[in-house]
Amino acid sequence: MATHHLHLVSDSTGETINSVARACLVQFSGVDPTEHVWSLVRTRGMMNKVVSQIEAHPGPVLFTLVNHSLRDQLTSCCMQLGVPCIAILDPVIHTMANYFGVEMKGTPGLQHALDAEYFGRMDAMTFALTHDDGQHCSDLAKADIILVGVSRTSKTPTCMYLANRGIKAANIPVVPGCPIPDELLQADGPLIIGLTKDPARLVQVRQNRLRMLTDDRQETDYVNLEAVREEIAQARRFCVEHGWPLIDVTRRSIEETAATIMSYYARHIGGEPR
């Protein structure tokens, strides 16, 4: 198989360009290029190193650079080598600039500035960690969103994803034989959503988890299909009784689940999706 190279060049952390590359590469079966990631490229000396590596390993170049001199240096190199060089944000930025009638600032890394939004996300992260798995229920009403569900329905990673969007999310496990915290039933401000999953798939996930932990519950109700069916059914009935929306996460990624939750949340607060 031929070796392909892909260069990702950014004057910031490279998070944006990596996300774009991931979204594009999954569309090509059997293509797994060697990625060369160049982040925080802000001087001519750093660009010289990037250019030398592109010359040594030619391949498509995706970049996010605001400095015109560095952009010219990179695009000139790619033109000489005959490799594609794509400024992935240019179409969006130019369209917005034309529509809004203002010029872009041209400052790298502005999306990572330590502003109020940044600290809001950090507060949300702290809240999600503090209120994970039913912890610290005393101030549960301060949450924006509370996720409820049986074990291994992706409550924690979904809360962390929401926190990265600035949403204070807590999660409460539904465990057979264990009472639900009164604070959850009394919380009238937060949006409460139930997460559920196909029983057979849930058993598989739990078994894999137990094998990783070498847990001794391999033969318990925790992974017994009939018991898990009843566990899920009880949790669903509990959510329905309280009028909480349910989301089946069986075939959803964390991102897809979070997007659905955000749609519910927008209606909950009477606004638009974030």
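A cavity is a set of grid points where a 1.4 Å probe fits but cannot get out. The legends below describe close-up views of a predicted model.

**Figure 1. The largest cavity and its lining.** The whole structure contains one cavity of 30 Å³ or more. The volume of the largest cavity is about 60 Å³. Its lining is made up of Val148, Gly149, Val150, Val174, Leu195, Thr196, Ile232, Ala235, Arg236, Cys239 and Leu246. At least two lining residues come from each of strand S5 (145-149), strand S7 (191-196) and helix H9 (225-241). Helix H9 contributes the most to this lining, with four residues. Sorted by class, the lining holds eight nonpolar, two polar and one charged residues.

**Figure 2. Contact between helices H8 and H9.** Helix H9, which gives the most residues to the lining of the largest cavity, also packs on helix H8, and the two axes come within 9 Å and cross at roughly 115 degrees. The crossing of H8 and H9 is right-handed. On the H8 side the contact involves Pro199, Ala200, Leu202, Val203 and Arg206, and on the H9 side Leu225, Val228, Arg229, Glu231 and Ile232. Seven of these contact residues are nonpolar, none is polar and three are charged. Ile232 of H9 takes part in this contact and is also one of the residues that line the largest cavity.

**Figure 3. The second largest pocket.** The second largest pocket encloses about 340 Å³ of space. It is lined by 20 residues, of which Asp133, Ser151, Arg152, Lys155 and Thr156 are the closest to the centre of the pocket. Helix H6, strand S6 (169-173) and helix H8 (199-213) each provide at least two residues of the lining. Helix H8 has the largest share, four residues. The lining consists of nine nonpolar, five polar and six charged residues. Helix H8 thus appears both in this lining and in the contact with H9.

**Figure 4. Contact between helices H5 and H6.** Helix H6, which supplies residues to the lining of the second largest pocket, also packs against helix H5. Helix H5 spans residues 116-130 and helix H6 spans residues 155-163; their axes come within 8 Å and cross at roughly 165 degrees. Angles over 145 degrees count as roughly antiparallel, so H5 is roughly antiparallel to H6. The crossing of these two helices is right-handed. Arg121, Ala124, Met125, Ala128 and Leu129 of H5 make the contact with Cys159, Met160 and Ala163 of H6. By class, seven of the contact residues are nonpolar, none is polar and one is charged.

**Figure 5. Contact between helices H2 and H3.** Helix H2 covers residues 44-56 and helix H3 covers residues 68-81; they pack at an angle of about 15 degrees, with a distance of 10 Å between the axes. Angles under 35 degrees count as roughly parallel, and H2 and H3 are therefore roughly parallel to each other. H2 and H3 cross in a right-handed sense. From H2, the residues in contact are Arg44, Met47, Asn48, Val51, Ile54 and Glu55. From H3, they are Ser69, Leu70, Gln73, Leu74, Cys77 and Leu81. The contact residues of H2 and H3 comprise seven nonpolar, three polar and two charged.

Note on methods
Residues are numbered from 1 along each chain as its sequence is written. This is a predicted model: local features need pLDDT of at least 70, side-chain atom pairs count only at pLDDT 80 or more; totals for chains, interfaces and linings use all residues. Side-chain values use heavy atoms; hydrogens and water are left out. Axes are lines fitted to C-alpha atoms, for helices over the stretch in contact, and angles run from 0 to 180 degrees between N-to-C directions. Angles under 35 degrees count as roughly parallel, over 145 as roughly antiparallel, 65 to 115 as roughly perpendicular and the rest as oblique. A crossing is left-handed if the near helix is turned anticlockwise from the far one by less than a right angle, and right-handed if clockwise. Contact means heavy atoms within 4.5 Å. Ala, Val, Leu, Ile, Met, Phe, Trp, Tyr, Cys and Pro count as nonpolar, Asp, Glu, Lys and Arg as charged, and the others, Gly among them, as polar. On a 1 Å grid over the protein atoms alone, a cavity is a set of points where a 1.4 Å probe fits but cannot get out, and a pocket is an open set with protein on both sides within 12 Å along at least five of seven lines; lining residues have an atom within 4 Å of a point. Grid points are joined across faces, edges and corners, and a volume is the space filled by probe spheres set on the points.
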